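Trainee: Please pick one part of this protein and take me through it closely, residue by residue where that helps. I would like to know what is enclosed, what covers it and how the neighbouring parts connect to it.

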Amino acid sequence: MSTPLVVGTDGSDDALRAVDWAADEAALRGCPLRLLHASLWESYATSAMPTARNPQARRDAAAREVVAGAEERVRQRRPEVTVSGAVREEDPVNALVDASDHAAMVVVGSQGHGLSGVVLGSVSLTVAAQAHCPVAVVRTGRDTGRVGGQWAVLGLAAPHRNPAAADFAFAEAALHGYGVTVVHATVRASRSAAGPAQRGQEVEDWLDAALARSVAGHPDVPVRRVVVAGRAHPALLAATKGAELLVLGARRRANPLGPQLGPVNHAMLHQAPCTVVIVPVQPAGG
């Protein structure tokens with residue numbers, strides 16, 4: 001059996017929409033879907049168990065209810081998907097990070113929206129920073145009035161010479177019939193002896209090399225490039241308006257206590273209007 005997708009669920013509407021997204025993804029990939037509820041995660045389900053029962057029994061019943069409801073939701077939505085559920089009596093971050101060792105992708109909800117942008121839940125953010133496989137933070141409630149084709153956005157920064165993020169973005173685009181918009185923000189090089197034309201060619205050459213394997217593996221995926229002089233954050237925000245997906249690489253540093261996402265990834269997880277996938281990237285030669 002192929003490697004499963006894992007989706008965390010707590011019974012909330014946001015988490016159930018993540019379950020829907022994961023079910024559709026599993027159907028396209030032809031892989032199993034595993035539903036995971038950590039019992040230390042606050043449950044949004046209302047258990048029918050009498051309140052006179054002991055608290056542990058009520059918590060156990062509520063946890064089983066969360067998983068059973070999500071399983072039934074998947075079967076109704078995607079009957080072709082093999083679905084299973086599990087309850088882990090531990091912190092949700094630990095449960096999901098542990099599950100990422102044997103998952104093709106971990107899927108979580110974004111846990112709500114605020115007037116000034118997305119309010120990202122701490123579980124989603126921490127799992128995205130620590131998981132050992134790609135993590136999809138499913139965004140809901142975005143504007144669906146798109147104009148033109150459907151696109152996945154791939155953010156590429158010069159240090160990410162490992163093609164893991166590009167490979168994921170192109171494979172996902174091919175699976176869904178999307179195109180890929182590649183966004184690269186350059187640093188203004190006012191002290192450089194090279195002229196603008198030469199610097200522009202250097203960037204194009206670097207992008208050619210960074211994308212070569214992914215493009216060759218998916219020659220039918222349309223590609224467009226957006227190269228901007230300046231900060232990546234506003235460029236990515238502009239590119240993701242109307243996009244289906246944003247894919248970003250996150251270098252995993254040797255020190256697990258240090259920052260694992262970086263400021264751009266952190267900002268986009270909070271503010272991007274579409275689903276964000278964080279792909280762990282090992283440094284070149286690491």
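Mentor: What follows starts from one helix, α2, and then moves to the elements around it.

This is a predicted model. The protein has eight helices and twelve strands, and 47% of its 286 residues are buried. Of the contacts between residues at least 6 apart in sequence, 79% join residues at least 24 apart. The accessible surface is about 13900 Å², with 53% of that area belonging to carbon and sulfur atoms.

Helix α2 covers residues 55-77. The helix has 23 residues, and its first and last C-alpha atoms are 33 Å apart, close to the 33 Å expected at 1.5 Å a residue. Its buried residues are A57, A61, A62, A63, V66, V67, A70, E71 and V74. An α-helix has 3.6 residues a turn, so residues three or four places apart point the same way. That spacing is worth keeping in mind when reading the list, which includes A63, V66, V67, A70, E71 and V74. The cover over these buried residues includes helix α1 and strands β2 (33-38) and β3 (83-88).

V74 shows how this cover works at a single position. V74 has a relative accessibility of 1% and therefore counts as buried, the limit being under 20%. Leaving out residues up to four places away in sequence, V74 touches V19, A23, L33, L35, P79, V81 and V83. S84 is ten residues from V74 in sequence, and the two C-alpha atoms are 9.8 Å apart.

V66, another of the buried residues of α2, can be placed relative to S12. The two are 54 residues apart in sequence, but their C-alpha atoms are 9.1 Å apart in space. S12 belongs to the loop between β1 (5-8) and α1. Its relative accessibility is 12%, so S12 counts as buried.

That loop leads into α1, which runs over residues 13-29. Besides being part of the cover over α2, helix α1 packs with α5 at an angle of about 85°, the two axes being 10 Å apart. Because of that angle, α1 is roughly perpendicular to α5. On the α1 side the contact residues are W21, E25, L28 and R29, and on the α5 side they are F168, E172, L175 and H176. By class, this contact holds four nonpolar, one polar and three charged residues.

Helix α5 itself has 13 residues, 164-176, which should span 18 Å at 1.5 Å a residue; its end C-alpha atoms are 18 Å apart, so the two values agree. Buried in α5 are A165, A166, D167, F168, A169, F170, E172 and A173. F168 and E172 also take part in the contact with α1. After α5 comes G177, which has a positive phi, near 80°.

Now return to the strands beside α2. β2 and β3 are part of its cover, and both also appear in the cover over α3, together with β1, β4 (105-109) and α4. Helix α3 (residues 92-99) is largely enclosed by the rest of the structure, because six of its eight residues are buried. These are P92, V93, A95, L96, V97 and A99.

On the α4 side, S124 is a useful position to inspect. S124 sits in helix α4, residues 122-130, and its relative accessible area of 1% is why S124 counts as buried. L96 and S124 are 28 residues apart along the chain, with 9.7 Å between their C-alpha atoms. Not counting residues up to four places away in sequence, S124 touches V108, G109, S110, Q111 and V137.

To sum up, α2 has buried residues with cover that includes α1, β2 and β3. From there, α1 leads to its crossing with α5, while β2 and β3 lead to α3.

Note on methods: Residues are numbered from 1 along each chain as its sequence is written. This is a predicted model: local features need pLDDT of at least 70, side-chain atom pairs count only at pLDDT 80 or more; totals for chains, interfaces and linings use all residues. Side-chain values use heavy atoms; hydrogens and water are left out. Helices (H or I, at least four residues) and strands (E, at least two) are DSSP runs, numbered from the N terminus. Buried means under 20% relative accessible area, exposed over 50%, partly exposed in between (1.4 Å probe, protein chains only). Contact means heavy atoms within 4.5 Å. Accessible areas come from the Shrake-Rupley method with a 1.4 Å probe; for residues, only the protein chains shown count as cover. The expected span of a helix is 1.5 Å times one less than its number of residues. Axes are lines fitted to C-alpha atoms, for helices over the stretch in contact, and angles run from 0 to 180 degrees between N-to-C directions. Angles under 35 degrees count as roughly parallel, over 145 as roughly antiparallel, 65 to 115 as roughly perpendicular and the rest as oblique. Ala, Val, Leu, Ile, Met, Phe, Trp, Tyr, Cys and Pro count as nonpolar, Asp, Glu, Lys and Arg as charged, and the others, Gly among them, as polar.
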